[in-house]
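Biologist: I am new to this structure and would like to learn how to read it. Where should we begin?

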Amino acid sequence: MYYFDKNRNPKQLSPLNLAFIGDCVYEMLVRETLVQQANRPVNDLHRESVKFVSAKAQTQAYDKIKDLLTEDEMSVFKRGRNAKVGHNPKSASQGEYHIATGVEALFGYLYLTDQTERIIELFKLIID
């Protein structure tokens, strides 16, 4: 679902712009999954969500899906992974942070190219 017309080709966006959107998409999937599992206090939901959205967790997520990515998807992932982020991560290694950025860029790209079924397919592999 989009709130504005899509006039820009997602392939022309910077990888960090893709990651900016992808972070939100990924977080929404995690939150929806957790809410569907059980009706629990918000603090518990937040604590559980951190287990999925951290750079370490997204690095593990990448390990689960990397062999299933198309050439196009791998290209987007690599653009995100190789993007210069401009700061050092606090709770993860530099490598983990770059992989997490690649995962977010991939999810942002898939979202902006209306590939909802592919997003769900990859996310199910990640959470299983």
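Modeller: With a cut-off: a residue is called buried when its relative accessible area is under 20%, exposed when it is over 50%, and partly exposed in between. Keep in mind that this is a predicted model.

Biologist: How does the cut-off apply to Thr 33: is it buried or exposed?

Modeller: The relative accessible area of Thr 33 is 17%, so Thr 33 counts as buried. Its place is in helix 1. Apart from neighbours within four places in sequence, Thr 33 is in contact with Phe 123 and Ile 127.

Biologist: Which class does Leu 13 fall into, buried or exposed?

Modeller: Leu 13 has a relative accessible area of 14%, so it is buried. Leu 13 sits in the segment before helix 1. Leaving out neighbours within four places in sequence, Leu 13 is in contact with Arg 8, Leu 18, Arg 79 and Leu 112.

Biologist: How do I read a nonpolar core? Which residues of the largest one touch the most other members?

Modeller: A nonpolar core is a set of buried residues of certain kinds, joined through side-chain atoms within 4.5 Å. The largest one here has 28 residues, and those that touch the most other members are Leu 18, Tyr 26, Tyr 62, Leu 69, Phe 107 and Leu 122. At least two residues of this core come from each of helix 1 (15–37), helix 3 (55–65), helix 4 (71–81), helix 5 (94–112) and helix 6 (116–127). Helix 5 supplies the largest share, eight residues.

Biologist: Take Tyr 62 from that list. What is Tyr 62 in contact with, leaving aside its neighbours within four places in sequence?

Modeller: The contacts of Tyr 62, with those neighbours left aside, are Leu 69, Met 74, Phe 77, Ile 99 and Val 103. Tyr 62 is also one of the buried residues of helix 3, along with Ala 55, Ala 57, Gln 58, Thr 59, Ala 61 and Ile 65.

Biologist: What covers the buried residues of helix 3?

Modeller: The cover includes helix 1, helix 2 (42–53), helix 4, helix 5 and helix 6. Asp 63 is found in helix 3 too, but with a relative accessible area of 44% it is partly exposed. The C-alpha atoms of Asp 63 and Ile 99 are 9.8 Å apart, with their places 36 residues apart in sequence.

Biologist: How can I tell whether a helix has a buried face? Which residues of helix 4 are buried?

Modeller: List the buried residues, then look down the axis. In helix 4 the buried residues are Glu 73, Met 74, Val 76, Phe 77 and Gly 80. Viewed along the axis of helix 4, its buried residues fall within an arc of 160 degrees, so they line one face of the helix. They pack against helix 1, helix 3, helix 5 and helix 6.

Biologist: How is empty space found?

Modeller: Rolling a probe the size of a water molecule over the atoms shows where empty space is left. In this model, the second largest pocket has a volume of about 210 Å³.

Biologist: Which residues lie nearest the centre of the second largest pocket?

Modeller: Of its 14 lining residues, Ala 55, Tyr 97, Ala 100, Thr 101 and Glu 104 lie nearest the centre. Helix 1, helix 3 and helix 5 each give at least two residues to the lining, and helix 5 gives the most, with four. Sorted by class, the lining has eight nonpolar, four polar and two charged residues.

Biologist: What should I look for in the backbone angles?

Modeller: Most residues other than glycine have a negative phi. Asp 114 is not a glycine, yet its phi is positive, about 60 degrees. Asp 114 is found in the loop between helix 5 and helix 6, and it is partly exposed, with a relative accessible area of 48%.

Biologist: One last case: is Asp 128 buried or exposed?

Modeller: Asp 128 is exposed, with a relative accessible area of 71%. It lies in the segment after helix 6. Asp 128 and Tyr 97 are 31 residues apart along the chain, and their C-alpha atoms are separated by 22 Å.

Key. Residues are numbered from 1 along each chain as its sequence is written. This is a predicted model: local features need pLDDT of at least 70, side-chain atom pairs count only at pLDDT 80 or more; totals for chains, interfaces and linings use all residues. Side-chain values use heavy atoms; hydrogens and water are left out. Buried means under 20% relative accessible area, exposed over 50%, partly exposed in between (1.4 Å probe, protein chains only). Contact means heavy atoms within 4.5 Å. The arc is that of the directions from the helix axis to the C-beta atoms. On a 1 Å grid over the protein atoms alone, a cavity is a set of points where a 1.4 Å probe fits but cannot get out, and a pocket is an open set with protein on both sides within 12 Å along at least five of seven lines; lining residues have an atom within 4 Å of a point. Grid points are joined across faces, edges and corners, and a volume is the space filled by probe spheres set on the points. Ala, Val, Leu, Ile, Met, Phe, Trp, Tyr, Cys and Pro count as nonpolar, Asp, Glu, Lys and Arg as charged, and the others, Gly among them, as polar.
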